[in-house]
Amino acid sequence: MKLFYSDASPYARCVRVLLHYYSVSDVTEVIIDPFANNAEFLRCNPLAKVPCLSLNDGSSLYDSEVIMRFIDAKYGDSQLFGGQYNDWANQCHFSLLKGMLDSAVALRQEQLREQEGLRSDFWAARFEQALLRGLQQVEQLGLVHYQELTAQKVMLVCLLDYLDFRHPQLLWRKVVPSLSVWHADAAKSTIFKTTQPQ
């Protein structure tokens, strides 16, 4: 199997964290520029988005959540997602984090549009506010109070690291100080350090 990924993509990083967590040896990680229109990559994912997992039978999986669930089921007996298929609250929490990741990436796209004179202050502010409200909700829900690693925690670390990487101006630590303390400790784990974007 082959995982196409971009080093800066927080979605791809979530998948790579799971690969490292389960010490998966039969997936080759291939770094790619999704804008280069590589023929093999486009055959695997016509949307030209990372991550994309090319399977041995010639089929492909794309969307980070789909790939994460596949890896968790295949290599970890659904350990990280657990019984969330029938737990609507947990599934909603995962969607909250995924939506926040979407907002963080959209905010980055607004920054890039500034170079073309197309940046929207309205949308940039809206994405920032959504992120800060979402983090407050995560802190209030207590999603990090349990010791075991979960899919939500993987996504949360990747989100917070991405905010530091791409949005240092967003002073999220002042808004959610207890989450900041948790992140400082959680991010020290090898699975996160070895997949840190450069």
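Author: Two residues are in contact when they have heavy atoms within 4.5 Å of each other. The model discussed here is predicted.

Reader: Which residues does R13 touch, leaving aside those up to four places away in sequence?

Author: By that criterion R13 touches V157, C158, D161, F192, T195, Q196 and P197. R13 itself belongs to helix 1.

Reader: What makes R13 count as buried?

Author: Its relative accessibility is 3%. The limit for a buried residue is under 20%, and R13 therefore counts as buried.

Reader: What makes the approach of the R13 side chain to F192 a polar contact?

Author: The side chain of R13 reaches the backbone oxygen of F192 at 2.7 Å. A polar contact requires N or O atoms within 3.5 Å, so this pair qualifies.

Reader: Where else does R13 appear, and which residues line the largest cavity with it?

Author: R13 lines the largest cavity together with D7, A8, S9, P10, C158, Y162 and P197. At least two residues of this lining come from each of helix 1 (10-21) and helix 6 (151-166). The lining comprises 5 nonpolar, 1 polar and 2 charged residues.

Reader: Why is this space called a cavity, and how many of 30 Å³ or more are found?

Author: A space is called a cavity because a 1.4 Å probe fits there but cannot get out. The search of the whole structure finds 1 cavity of 30 Å³ or more, and the largest cavity holds about 30 Å³ of space.

Reader: What distinguishes a pocket from a cavity, and what is the volume of the largest pocket?

Author: A pocket is an open set of points, whereas the probe cannot get out of a cavity. The largest pocket contains about 750 Å³ of space. It is lined by 24 residues, and S9, Y11, V50, V105 and Q109 are the closest to its centre. Helix 1, helix 4 and helix 6 each supply at least two lining residues; helix 4 gives the most, with 6 residues. By class, the lining has 13 nonpolar, 5 polar and 6 charged residues.

Reader: What lines the second largest pocket?

Author: The second largest pocket, with a volume of about 230 Å³, is lined by 15 residues, of which Q147, L149, K153, W182 and A186 lie nearest its centre. Helix 6, helix 8 (177-186) and helix 9 (190-193) each give two or more residues to this lining. The largest share, 3 residues, comes from helix 8.

Reader: How do you know what span to expect of helix 4?

Author: The expected span is 1.5 Å times one less than the number of residues. Helix 4 (residues 88-113) has 26 residues, for which 38 Å is expected. From its first C-alpha to its last it reaches 37 Å, close to that expectation. At the start of helix 4, a side-chain oxygen of D87 comes within 3.2 Å of the backbone nitrogen of A89.

Reader: Is E110 buried or exposed?

Author: E110, a residue of helix 4, has a relative accessible area of 8%. Buried means under 20%, so E110 is buried. Its side chain reaches the backbone nitrogen of S120 at 2.8 Å. The residues touched by E110, beyond those up to four places away in sequence, are L118, R119, S120, W123, A124 and F127.

Reader: Why is L159 called buried?

Author: L159, in helix 6, has 0% relative accessibility. That value is under the 20% limit, and L159 therefore counts as buried. L159 touches M100, L101, A104, L131 and L135, not counting residues up to four places away in sequence. L131 is 28 residues from L159 along the chain, and their C-alpha atoms are separated by 9.9 Å.

Reader: What makes the peptide bond between V50 and P51 a cis bond, and which residues other than glycine have a positive phi?

Author: For the bond joining V50 and P51, omega is about 0°, and the bond is cis. P51 lies in the loop between helix 2 (39-44) and strand 3 (52-54). A48, found in the loop between helix 2 and strand 3, has a positive phi of about 55°. S78 has a positive phi of about 60° and is found in the loop between helix 3 (64-76) and helix 4.

Reader: Why are such features pointed out?

Author: They are pointed out because most residues other than glycine have a negative phi, and most peptide bonds are trans.

Note on methods: Residues numbered from 1 in each chain as written. Predicted model: local features only at pLDDT ≥ 70, side-chain atom pairs only at ≥ 80, totals over all residues. Heavy atoms only, no water. 1 Å grid on protein atoms, 1.4 Å probe; cavity = no way out; pocket = protein on both sides within 12 Å on 5 of 7 lines; lining within 4 Å. Points joined across faces, edges and corners; volume = space filled by probe spheres on them. Helix = DSSP H or I, 4+ residues; strand = E, 2+ residues; numbered from the N terminus. Nonpolar A, V, L, I, M, F, W, Y, C, P; charged D, E, K, R; others polar. Buried < 20%, exposed > 50% of the residue type's maximum accessible area, 1.4 Å probe, protein only. Polar contact = N/O pair within 3.5 Å; in protein donor to acceptor, adjacent residues only side chain to side chain.
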